[in-house]
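Work through the exercises below with the sequence and the model side by side. Try each task before reading its solution.

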Amino acid sequence: MLKLFSAPLCALILVFGLSSCSDSDDDTALTGESSDLMVQQIGESMVSVDESSGNNNGTFTRSSFLEAACSGVSFGACGATVSATAVKDFNGCTIVNGLVTVSGTITLTYAGTGSGTCTIPAVGDSVAQVPAFTASLVGNNGSFAASALSTGQTLTRASSGTFTFANTGIRRVYTSGSGNAIADITTLTTSDITISGTTRTNRVINGGVLQVTNNLTNEVCNVSPNNVTWTSGSCSCPTSGTWTGTCSTGQPVSVAFTSTCGSVETMYGTASKTLTIERCN
């Protein structure tokens, strides 16, 4: 077992979807397995796909839980700071009833025929999303930081209703109040994932490879989606389909989404369990 958190970090854990929380104030009471971290990062990627969707009319929808929670925080006008970009500056907004302060930015950079209007109307048009923000608990009790290793996540239009999703690397680091990294995860795609459909009622992803690296243990898992499907307009995560692959430990891994929002049946090696992906809602 890998000890993950002290109890005060629950505010970050529940918002940013690393693992589950206990009501205990005992710093040793919260534990999680390394394989569970991998599952949560698959869920994080699924929510990211849901929050960043292309539409048939060429527009790009970016609807973040942070934007909803941080009152008044939204993306600036297209090209307001740099041509063909839209930037969201969290500017110290607070979430979780004032327990967490968010600073930094998310930048969207458009390329192709719609770059001047920040849209992706034509085949080959794309939008890259680069996170560079930190969420900190009050009283220096811990923090979460998200950053891009390169160009971040890119959505490219392949047809009117089909897109490809690529990720050159997003690193998520959870730090305790004492400054120790308690979880450090990098996700990237080694081959593009195909997204069919533009809404939660018809979106399906297939193919490609998502690589999840636990930077503290050096374990690397490579997984691919098979008919991972959104069927519920009220759930940010898929409700059917499976991710399967292998890890550098030699263990096979699978994550099967169920009809219950956020509930997945997982297998790591021969061990199976039911988990809840915290970022699904």
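Three exercises follow, on disulfides and on one loop residue.

This is a predicted model, in which local features need pLDDT of at least 70, side-chain atom pairs count only at pLDDT 80 or more, and totals for chains, interfaces and linings use all residues. Residues are numbered from 1 along each chain as its sequence is written, and side-chain values use heavy atoms, with hydrogens and water left out.

**Exercise 1. Place the C78 and C118 disulfide in the chain, and give its handedness.**

Step 1. Start with the count: the structure holds 4 disulfides. A disulfide here is a pair of cysteine sulfur atoms within 2.5 Å.

Step 2. Check the distance. The sulfur atoms of C78 and C118 are 2.1 Å apart.

Step 3. Locate the ends. C78 sits in the loop between α3 (65-69) and β5 (85-89), and C118 in the loop between β7 and β8. The two cysteines are 40 residues apart, so the pair links distant parts of the chain. Helices (H or I, at least four residues) and strands (E, at least two) are DSSP runs, numbered from the N terminus.

Step 4. Read the torsion. About the S-S bond it is about 80°, so the disulfide of C78 and C118 is right-handed.

Step 5. Compare exposure. C78 is partly exposed at 33% relative accessibility, while C118 is buried at 10%. Buried means under 20% relative accessible area, exposed over 50%, partly exposed in between (1.4 Å probe, protein chains only).

**Exercise 2. Work out which elements hold C221 and C247, then do likewise for C235 and C261.**

Step 1. C221 and C247 are joined by a disulfide, S to S 2.0 Å. C221 lies in strand β17 (residues 219-229) and C247 in strand β18 (residues 240-247), so the bond ties together parts 26 residues apart in sequence.

Step 2. Both C221 and C247 are buried. Their link is right-handed, with 100° about the S-S bond.

Step 3. C235 and C261 are also joined, S to S 2.1 Å. The torsion is about 80°, so this disulfide is right-handed.

Step 4. C235 is in the loop between β17 and β18, and C261 in the loop between β19 (252-257) and β20 (263-268). C235 is buried at 1%; C261 is partly exposed at 34%.

**Exercise 3. Is V123 buried or exposed, and which residues does it touch?**

Step 1. V123 is in the loop between β7 (100-111) and β8 (126-137).

Step 2. Its relative accessibility is 60%, so V123 counts as exposed.

Step 3. V123 touches R157, A158 and S159, not counting residues up to four places away in sequence. Contact means heavy atoms within 4.5 Å.

Step 4. V123 and G112 are 11 residues apart in sequence and 8.8 Å apart in space, C-alpha to C-alpha.
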